[in-house]
Amino acid sequence: MESARLIQTSLLVFLLLSLSVSYVHCQATRVGFYSKSCPRAESIVRSTVQAHFQSNPTVAPGLLRMHFHDCFVQGCDASVLIDGPNTEKTAGPNLGLRGYEVIDDAKTKLEAACPGVVSCADILALAARDSVILTNGPNWQVPTGRKDGRVSSASDTTDLPGFTESIDAQKKKFSAKGLNAQDLVTLVGGHTIGTSACQFFQYRLYNFTTTGNGADPTINPSFLPQLRALCPQNGDATRRVGLDTGSQNRFDSSFFSNLRTGRGVLESDQKLWTDASTRSFVQSLLGSNAFNVQFGKSMVKMSNIGLKSGTQGEIRKVCSKIN
C-alpha cells in the first residue's frame, strides 16, 4: 500500500515537473505569438525578404548566416544588429555579414503597422526561415516572442565556431549552446547556399603540407585545380567562391555529397566527413528530405538559445539602436 502511494506521488511530481517545464518553454516563444497583437507580422517580413531577394539573391545566405551569428553570441536577441564601437558587428567574424538593410526595412514597415510590438530578434528569425524557402529549401514554423537584448560586445564573438577549428572544438561550442553533434552537422549544412572569400580557405591550396602537391590532402585531387583557378596564390583574396560547388544558389543536400567526395571548400566543413564522430550524421543527411526535416528542427532549437526575459530585453524601435 505504502509503495503504491510512493509510486503515485512520484508520478504526480514527474507530471507537475513536465508541465512546468513545458509551461516555461511556451512562455519563452510560441508559434503565432503575434496572431492577435500584429496579425500581419510574418507576412510583412516574408514580403520584405522576397522583395530584396528578387533584386539581390545574396541576401538569402546573408540573413541565414546573420541569424546563426546572432544566436551564438548573447543568444537570439538581435545583438548582432546594434551599431557602435566594439559591438558584435565590428568583430572579425561579422565583418562580412549581409542583409542589415532587409531587417531595417521590415522593421520600418512593422513599426508603421504595429508600433512597439515585433522584436528585431523575431524579424531576424523569420527572415532566416523565409530566405531558406526562397532558395527552394524547407518551410518550418518559427516560434516567436523573443525580446531584443541590451548588450553587444565584440569580445563575445569568440563563441562563434572558426573555419580552422577541429570537430571537437566545434562540438564544444555547440554543446555550450544546448546543441548536439546532429545539430552541428545539420546547421553547417546551411552552407549549401552562399559563398566564402578566398582568404578563408586559400591556405588549404598552397603550402598546407611540405609533401606531395602542397595542398590539404583531404581535398579531392580533381577538385584542387578548380579551386586554384578560382583563388590563385597571389590573386584577389576577397573573391567569392560558392561553398556548395555546383549548387550554391539552391538549398539542397548536395553540400553533404560534396563533403563525401572531398569537395568541401572550408577546412571546418570538410572535417565533418573526415572526422569519424560526425561522418555518420553527414551520411544520414545525404537525402534532401532527411536534411530538410532535420534542418527545420535544428533551426528551431538554435533560435531558442539564450532568450531574454523581463528587463534583460526590450522591443527596439530601431534595430541598430538600444532604446
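The following paragraphs describe the salt bridges, a buried helix and an internal cavity in a predicted model.

Salt bridges were considered first. Side chains of opposite charge can pair when their charged atoms come close. In the model, the count of such bridges comes to 13. Two of them lie along helix α4, which spans residues 100-113. In one, the side chains of Asp 105 and Lys 109 meet with an N to O distance of 3.6 Å; because these two residues are four residues apart in the helix, they are separated by about one helical turn. Both partners are partly exposed, Asp 105 having a relative accessible area of 25% and Lys 109 having a relative accessibility of 38%. In the other, Glu 111 forms a salt bridge with Lys 107, and the closest N and O atoms are 2.9 Å apart. Here too the spacing is four residues within α4, so that about one helical turn separates Glu 111 from Lys 107, but in this pair Glu 111 and Lys 107 are both buried.

A further salt bridge joins Arg 146 to Asp 122, with the closest N and O atoms 2.6 Å apart. This pair links distant parts of the chain, since Arg 146 belongs to the loop between α5 (120-134) and β1 (148-149), whereas Asp 122 lies in helix α5, 24 residues away. Arg 146 counts as buried at 1% relative accessibility, and Asp 122 is likewise buried, with a relative accessible area of 0%. In addition, Glu 42, Arg 129 and Asp 130 are linked in a network of salt bridges.

Helix α7, formed by residues 181-188, is mostly covered, with eight of its eight residues buried. Among these buried residues are Asp 183, Gln 182 and Thr 186, as well as Leu 184, Val 185 and Leu 187. The buried residues of α7 pack against five helices, namely α6 (167-175), α9 (254-260), α10 (267-274), α11 (276-284) and α12 (288-302). At the N-terminal end of α7, Asn 180 acts as a cap, a side-chain oxygen of this residue lying 3.1 Å from the backbone nitrogen of Gln 182.

With respect to internal space, the count comes to one cavity of 30 Å³ or more, and about 40 Å³ of space lies in the largest cavity. The lining of this cavity is made up of His 67, Ala 125, Trp 140, Val 142, Pro 143, Met 299, Val 300 and Ser 303. By residue class, the lining divides into six nonpolar and two polar residues, with no charged residue present.

Key. Residues are numbered from 1 along each chain as its sequence is written. This is a predicted model: local features need pLDDT of at least 70, side-chain atom pairs count only at pLDDT 80 or more; totals for chains, interfaces and linings use all residues. Side-chain values use heavy atoms; hydrogens and water are left out. On a 1 Å grid over the protein atoms alone, a cavity is a set of points where a 1.4 Å probe fits but cannot get out, and a pocket is an open set with protein on both sides within 12 Å along at least five of seven lines; lining residues have an atom within 4 Å of a point. Grid points are joined across faces, edges and corners, and a volume is the space filled by probe spheres set on the points. Ala, Val, Leu, Ile, Met, Phe, Trp, Tyr, Cys and Pro count as nonpolar, Asp, Glu, Lys and Arg as charged, and the others, Gly among them, as polar. Buried means under 20% relative accessible area, exposed over 50%, partly exposed in between (1.4 Å probe, protein chains only). Contact means heavy atoms within 4.5 Å. A polar contact is a pair of N or O atoms within 3.5 Å; within protein, one must be able to donate a hydrogen and the other to accept it, and residues adjacent in sequence count only if both atoms are side-chain atoms. A salt bridge is a side-chain nitrogen of Lys or Arg within 4 Å of a carboxyl oxygen of Asp or Glu.
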